[in-house]
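Trainee: I am new to this structure and would like to learn how its features are read, beginning with a strand and ending with the domains. Could we go through them slowly?

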Amino acid sequence: MLGIVMKKLGKLFRVILRASRVCYHRISALCYPFAPDIIFPLPQNSWTHGDCFGKDCVFDGVSWGEHMGTDFLTFPRTHVHAIGRGYVVYADIHFGIKEIRGEDGTLIQGLRRNWGGIVIVAHKNPRTGKVFFSLYGHLVDLQVSKGDRVEQGEILGVVAEAVTEDNGMWGEAHLHFGIFVGPWMGRVLPGYWSGPTDSRTRLEWWCNPLIFLENYGDSGKEKTLSP
Ligand SMILES: [Zn+2]
């Protein structure tokens, strides 16, 4: 009997906690600055396409789900710019962990890929009033902190070298760039969506970043995304 009551109380507590979090972040969103225009996060001619948005990704025989961003392969230490005026809601490092084997080849610690340096910036579209978030993953030397206001083009950090803890132990130096339009809960966002049972995020909370960039603004003309 006591067990059931405790379970129900726990559930109620979680619901209240979630509701208060949503409420807090909705109120915070009123202060997000308007981004009249947005630009591409990397310098022109500095990148080539990597894994695209929505791609089903498998690494080391394990399915990670659909890619909720687009990867741009580029040289290490390429500057990553804020796409528009905004407010930094997340800036942290989630180190990757390298594989360690003993002298006899036995696995001591398995490889764990992660974000490395990640920055998430909140923006508001002045034409629709809608809030959206730009996400930049696999950076090093972060230049901004949570709570900073950033202007369009401001440097957020640089692309980390491949197979380092800062790039999250991925095989190539690249920027993972995402556009999130879901509710902000103050927690780091995932790079993949593993299906309807994925409790971390929902598919409809993500946009194809290249299409989002092309359609932003009121001029109606497409931006040229070089190269
Ligand atoms: Zn990616």
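**Reading a strand, a residue and the domains**

Mentor: Let us begin with strand β13 (residues 174-180) of this predicted model. Of the 7 residues in the strand, 7 are buried, so strand β13 is largely enclosed by the rest of the structure.

Trainee: Which residues of β13 point one way, and which the other way?

Mentor: H174, H176, G178 and F180 point one way from β13, while L175, F177 and I179 point the other way, and all of them are buried.

Trainee: Which strands are joined to β13 by bridges, and how many bridges are there in each case?

Mentor: Bridges tell us which strands run beside one another, and here they can be taken strand by strand. Strand β4 (residues 70-74) is joined to β13 by 4 bridges and runs antiparallel to it, with L73 having H174 as its bridge partner. Strand β10 (residues 131-140) is joined to β13 by 5 bridges, again antiparallel, and there S134 stands opposite I179. Strand β15 (residues 206-207) is joined to β13 by 2 bridges, also antiparallel, and in that pairing F180 stands opposite W206.

Trainee: Where is W64 placed, and is it buried or exposed?

Mentor: To judge burial we count neighbours around a residue, with 20 or more C-beta atoms within 10 Å needed for buried and 12 or fewer for exposed. W64 lies in strand β3 (residues 62-67), and because it has 17 C-beta neighbours inside 10 Å, it counts as partly exposed.

Trainee: Which residues does W64 touch, leaving aside those up to four places away in sequence?

Mentor: With those left aside, W64 touches C57, V58, F59 and Y192. The chain also brings W64 and G191 to a C-alpha to C-alpha distance of 9.0 Å, although they are 127 residues apart in sequence.

Trainee: What is the order of the strands in the sheet that includes β3?

Mentor: The order is β2-β3-β14, an open sheet of 3 strands with antiparallel pairing. Its edge strands are β2 (56-59) and β14 (192-193), each of which pairs on one side only. Between β3 and β14 there are 2 bridges, and E66 stands opposite W193 of β14.

Trainee: How is the protein divided into domains, and how many residues does each give to the contact?

Mentor: Domain 1 covers 1-30 and domain 2 covers 32-215, and their C-alpha centres lie 29 Å apart. The contact takes 4 residues from domain 1 and 6 residues from domain 2. On the side of domain 1 that touches domain 2, the residues divide into 2 nonpolar, 1 polar and 1 charged.

Key
Residues numbered from 1 in each chain as written. Predicted model: local features only at pLDDT ≥ 70, side-chain atom pairs only at ≥ 80, totals over all residues. Contact = placed C-beta atoms within 7 Å. Pairing = 2+ DSSP bridges. Domains from an automatic or database assignment. Nonpolar A, V, L, I, M, F, W, Y, C, P; charged D, E, K, R; others polar.
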